[in-house]
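Reader: Please take a close look at a single loop position in this model and then relate that position to its surroundings. I should like one connected account that moves outward from there to the rest of the chain.

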Amino acid sequence: MAYREVAMWEILAVLERASRGESRSAIARVTGHSRKTVRRYLATAREVGWEPGRGPPTEALAAEVYRRHRPARERGPGEVE
């Protein structure tokens with residue numbers, strides 16, 4: 001499966017919907033992400049210290065989740081390159 005770049009605001013939308021109590025399936029349906037991706041974003045947000053229902057997510061939280069899910073930029077060229 002190909003990698004698709006996701007903007008920080010898309011992650012923020014997932015976190016906002018989770019904070020309102022929407023199910024992962026409903027969030028996936030509306031945002032276009034898979035349930036697995038929604039689950040990973042929420043798990044990462046919990047690792048950072050945020051829980052749904054304890055207040056709205058911040059842009060800083062979404063930026064941290066975004067940073068943790070980006071592919072490593074420090075990697076060198078692959079074998080083909």
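**From one loop position outward**

Author: Pro52 has a relative accessible area of 27% and is therefore partly exposed, as the value falls between the limits of under 20% for buried and over 50% for exposed. The model is a predicted one. Within it, Pro52 sits in the loop that links α3 and α4. Along the sequence, 37 residues separate Pro52 from Leu15, yet the C-alpha atoms of Pro52 and Leu15 are 7.7 Å apart in space.

Leu15 leads from the loop to the interior. Together with Ile11 and Trp50, Leu15 is among the residues that touch the most other members of the largest nonpolar core, a set of 16 residues. Two or more residues of this core come from each of α1 (8–19), α2 (24–31), α3 and α4 (59–69). Helix α1 supplies the largest share, with 5 residues. For the chain as a whole, 27% of its 81 residues are buried. The fold that surrounds this core has 4 helices and 0 strands, and the order of its elements from the N terminus is α-α-α-α.

A further pair of contacts in space involves Pro57. Glu16 and Pro57 are 41 residues apart along the chain, while their C-alpha atoms are separated by 6.2 Å. Glu16 belongs to helix α1; with 36% relative accessibility, Glu16 is classed as partly exposed. Arg17 is likewise a residue of helix α1, and its C-alpha atom lies 9.7 Å from that of Pro57, across a sequence separation of 40 residues. Arg17 has a relative accessible area of 21%. This is not under the 20% limit for a buried residue, so Arg17 counts as partly exposed.

Arg17 also has a charged partner. Which residue does the side chain of Arg17 meet in a salt bridge? The partner is Glu22, with an N to O distance of 3.0 Å. Side chains of opposite charge can pair when their charged atoms come close. Here the distance of 3.0 Å satisfies the 4 Å cut-off for a salt bridge. Glu22, at 28% relative accessibility, is partly exposed. The structure holds 6 salt bridges, and two others can be followed within helix α4.

Glu64 and Arg67 form one of these, and their closest N and O atoms are 2.6 Å apart. The two residues are 3 positions apart in helix α4, so about one helical turn separates them. Arg67 reaches 52% relative accessibility and therefore counts as exposed, the threshold being over 50%. Glu64 also pairs with Arg68, and in that salt bridge the closest N and O atoms are 2.7 Å apart. Because Arg68 and Glu64 are 4 residues apart in helix α4, they too are separated by about one helical turn. Arg68 is partly exposed, at 41% relative accessibility. Through salt bridges with shared partners, Glu47, Glu64, Arg67 and Arg68 are joined into one network.

The same kind of link between distant parts of the sequence appears at helix α2, where Thr31 is placed. Thr31 and Glu10 are 21 residues apart in sequence, and 7.7 Å lies between their C-alpha atoms. At 22% relative accessibility, Thr31 is partly exposed, since a buried residue would have to fall under 20%.

On the surface, Arg24, Arg35, Lys36, Arg39 and Arg40 form a positive patch. Helix α3 (residues 35–48) provides the largest share of that patch, namely 4 residues. Arg40 is located in helix α3, and its relative accessibility of 41% makes Arg40 partly exposed. That value is over the 30% required of a patch member.

Returning to the starting point, Pro52 lies in the loop between α3 and α4. Helix α3 gives the largest share of the positive patch, whereas helix α4 carries the pairing of Glu64 with Arg67. Pro52 itself is partly exposed, and its C-alpha atom lies 7.7 Å from that of Leu15, which is one of the core residues that touch the most other members.

Technical notes. Residues numbered from 1 in each chain as written. Predicted model: local features only at pLDDT ≥ 70, side-chain atom pairs only at ≥ 80, totals over all residues. Heavy atoms only, no water. Patch = residues over 30% accessible without salt bridge, like charges linked within 9 Å, V, L, I, M, F, W, Y side chains within 5 Å. Areas by Shrake-Rupley, 256 points an atom, 1.4 Å probe, with all protein chains shown as cover. Lys, Arg positive; Asp, Glu negative; His and termini not counted. Charge placed at Lys NZ, Arg CZ, Asp CG, Glu CD. Buried < 20%, exposed > 50% of the residue type's maximum accessible area, 1.4 Å probe, protein only. Core = buried A, V, L, I, M, F, W, Y, C linked by side-chain atoms within 4.5 Å.
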